[in-house]
Amino acid sequence: MLDSAGKRVGVMKNVDIYTDGACSGNPGKGGWCAILMYGGNEKILSGGEQMTTNNRMEVYAAIAGLSALKERCAVRLYSDSAYLVNAVEKDWLSGWRRNNWVTAGKQPVKNKDLWERLVQLIEYHSVEFVKVKGHADNVNNNRCDEYARAEIAKL
């Protein structure tokens, strides 16, 4: 549907985002990557941190990918991180938020700063998280892993 200016209204773009994080040592040097795909186009984002954890890089990759979108989108986000996918799909996030960012085991939620930012992004976009097997036959997950590891090598 188009408005009077010819701009689409009410229809979100469908975007696929593949993400991965990597760490050399845990904690240690870390890298992340997000590959955004829309309409035959692709954008690759990557970066790294000197001292981090693998889980932080996994969550950060998702944040970077979603943050790069310039408008609300319907997103299918692929990740090999059980930590990331389960937190959303098994609704751990709701429990953490309800319990003031404390886990069921009565411990502070790790990476709270990243989870809070991710919550904002998944509340804005329509996001489906899809768990893929890491280091297997998913070409784009493997590409993300290569970029994330390349970022580590730069540090």
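The paragraphs below lead through a predicted model, from one of its helices to its charged pairs and then to other helices and the chain's last segment.

Residues are numbered from 1 along each chain as its sequence is written, and side-chain values use heavy atoms, with hydrogens and water left out. Because the model is predicted, local features need pLDDT of at least 70 and side-chain atom pairs count only at pLDDT 80 or more, while totals for chains, interfaces and linings use all residues.

A good place to begin is helix α5, residues 139–154, where helices (H or I, at least four residues) and strands (E, at least two) are DSSP runs, numbered from the N terminus. The 16 residues of α5 reach 23 Å from the first C-alpha to the last, close to the 22 Å expected at 1.5 Å a residue, the expected span being 1.5 Å times one less than the number of residues. At the N-terminal end, α5 is capped by N138, a side-chain oxygen of which lies 3.2 Å from the backbone nitrogen of N140.

Which residues of α5 are buried? They are N140, N141, C144, D145, A148, E151 and I152, with buried meaning under 20% relative accessible area, exposed over 50%, and partly exposed in between (1.4 Å probe, protein chains only). Seen down the axis of α5, these buried residues fall within an arc of 150 degrees, so they line one face of the helix; the arc is that of the directions from the helix axis to the C-beta atoms. An α-helix has 3.6 residues a turn, so residues three or four places apart point the same way. The cover over the buried residues of α5 includes the strands β1 (13–25), β2 (28–38) and β3 (41–52), whereas the face turned away from the buried side carries the exposed residues V139, E146, A153 and K154.

Helix α5 also takes part in charged pairs. A salt bridge is a side-chain nitrogen of Lys or Arg within 4 Å of a carboxyl oxygen of Asp or Glu, and by this rule the count comes to eight. In one of them the side chains of E42 and R143 meet at 2.6 Å, N to O; E42 lies in strand β3 and R143 in helix α5, so the pair ties together parts that are 101 residues apart in sequence. E42 is partly exposed, with a relative accessible area of 42%, and R143 is partly exposed as well, at 21%. Within α5 itself, D145 forms a salt bridge with R149, the closest N and O atoms being 3.2 Å apart, and the two residues, four apart in the helix, are separated by about one helical turn. Here D145 is buried, with a relative accessible area of 10%, while R149 is partly exposed, at 41%.

A further salt bridge joins E123 and R97, with the closest N and O atoms 2.9 Å apart. E123 lies in helix α4 (residues 112–124) and R97 in helix α3 (residues 92–98), so this pair ties together parts that are 26 residues apart in sequence. E123 is exposed, with a relative accessible area of 52%, and R97 is partly exposed, at 42%.

Two acidic residues present another situation. E58, in helix α1 (residues 54–67), is buried yet has no salt bridge, and the nearest side chain of opposite charge, R149, is 8.3 Å away; in this count Lys and Arg are positive and Asp and Glu negative, with His and the chain ends not counted. D80, in the loop between β4 (73–79) and α2 (82–89), is likewise buried without a salt bridge, the nearest side chain of opposite charge being K131 at 6.2 Å. Leaving aside neighbours within four places in sequence, E58 is in contact (heavy atoms within 4.5 Å) with residues including D20, D80 and L84, and D80 touches residues that include D20, E58, K131 and N141.

Beyond that loop, six of the eight residues of α2 are buried, so this helix is largely enclosed by the rest of the structure. What covers the buried residues of α2 includes β1, α1, β4, α3, α4 and β5 (126–131).

The path ends at L155, in the segment after α5. L155 is partly exposed, with a relative accessible area of 31%, and, not counting residues up to four places away in sequence, touches K29, G30, G48, E49 and Q50.

Conventions: Polar contact = N/O pair within 3.5 Å; in protein donor to acceptor, adjacent residues only side chain to side chain.
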